[in-house]
Amino acid sequence: MTKQHLIALDLDGTLLTDEKTISPETKAMVLTAIEQGHIVCIATGRPHRASIDFYHELGLNTPMVNFNGALIHHPKYERWDALHSPLSVRTARKIIHTCHELGVKNILAEVMDDVYLDQHDDEIMEIFHTTDDNPITIGRLQANLTEDPTSLLIHPEEDKIQALRDELDVHASIIEHRKWGAPWHVIEIVRAGMNKAVGLEKISHYYHIPKDRIIAFGDEDNDFEMIDYAGVGVAMGNAIDELKNRANHVAGTNENNGIAEFLGDYLQLKTKAM
């Protein structure tokens, strides 16, 4: 029997199809891996509220990495040694000021699952999964944001993305900034040193699984550290070229059940007939 592996799954562009669903084939293979004794966790840039439905859909009972490592917690076990590493509100305000000076479409701050939006925007509110259970505070961020935020999300004009990232590099010693893929082109900012590998290291130690038995799947630049950390780093077929160059393997795309195909081959898994 294959030794127990830890399987870390990014969501968007990786586990999820372009329609933001888990395909039946991928779901069946992930469930088979769990049945065979492997450990599956989610490692995403998304907040908890935008990840938990997929966690439940897979029937997981493992820790989860949210906000690209700024929050590492166990959704079903409150006494688990969670790690929340927010930005300082002082740093956040400096960045918000920089964004206003440069000119951006909007800025959103998240304090765990509390959401603060600089200007009303129906599209942004839909993207960030705001609900009656997670109300959103709309209005001037410099005044409304009084706590250390878990993350800041900047929605720049597309032609100003590089200029904004150049400005953010001034704060490189205290923040990490990553770009979401199309179509949103959002810049996500978390505290320096926070990335998915931090979460993966914590979870692998919890389960006593060595690096060579960690399989991590990703597609974007926020997966760099996780792919580097895992003994088996897998870039999706639709991943950016930089990630493919760092990965040990390149799987099929998120639209073609890349995770299912790779896990079936690598772990010698066979799903039960549906």
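Strands here are DSSP runs of E with at least two residues, and helices are runs of H or I with at least four, both numbered from the N terminus. Histidine 73 sits in one such strand, β4 (residues 71-73). The model is predicted: local features need pLDDT of at least 70, side-chain atom pairs count only at pLDDT 80 or more, and totals for chains, interfaces and linings use all residues. Residues are numbered from 1 along each chain as its sequence is written, and side-chain values use heavy atoms, with hydrogens and water left out.

Start with histidine 73. Buried means under 20% relative accessible area, exposed means over 50%, and partly exposed lies in between (1.4 Å probe, protein chains only). Histidine 73 counts as buried because its relative accessibility is 12%. Its side chain makes a polar contact with the side chain of asparagine 66, at 2.8 Å. A polar contact is a pair of N or O atoms within 3.5 Å; within protein, one must be able to donate a hydrogen and the other to accept it, and residues adjacent in sequence count only if both atoms are side-chain atoms. Contact in general means heavy atoms within 4.5 Å. Leaving aside neighbours within four places in sequence, histidine 73 is in contact with His48, Pro63, Met64, Asn66, Trp80 and Ala82.

Now the sheets. Two strands pair if DSSP finds at least two bridges between them. One open sheet has five strands in the order β2-β1-β12-β13-β14, with parallel pairing. Its edge strands are β2 and β14 (249-250), each pairing on one side only. β13 and β14 run parallel and are joined by two bridges. In β14, valine 250 stands opposite alanine 235. Helix α8 (residues 196-206) lies across β1, β2 and β12, at about 155 degrees to β1. Such angles run from 0 to 180 degrees between N-to-C directions, with axes fitted as lines to C-alpha atoms, for helices over the stretch in contact.

The other open sheet described here has six strands, ordered β8-β7-β6-β9-β11-β10, and its pairing is mixed. β8 (136-138) and β10 stand at the edges with a single partner strand each, so one side of each has no neighbour in the sheet. From one strand to the next, the twist averages 20 degrees. β11 runs antiparallel to β9, joined by three bridges. β11 also pairs with β10 in the antiparallel sense, over five bridges. There, glutamate 188 of β11 is the bridge partner of arginine 178. Four of the five residues in β11 are buried.

Two helices lie across this sheet. α7 crosses β9, β10 and β11, at about 165 degrees to β10. α4 lies across β6, β9, β10 and β11, at about 5 degrees to β9. Its buried residues are Val89, Thr91, Ala92, Ile95, Ile96, Thr98 and Cys99. Just after α4, glycine 103 takes a positive phi of about 95 degrees.

Last, the cores. A nonpolar core is a set of buried Ala, Val, Leu, Ile, Met, Phe, Trp, Tyr and Cys residues joined through side-chain atoms within 4.5 Å. The largest has 29 residues, and Ile7, Leu9, Leu15, Ile215, Phe217, Ile259 and Leu263 touch the most other members. α11 gives the most to this core, with four residues. Leucine 263 touches Ile7, Met29, Ile215, Phe217, Gln268 and Leu269, not counting residues up to four places away in sequence. A second, separate core of 23 residues includes Leu6, Ile39, Val65 and Ala235.
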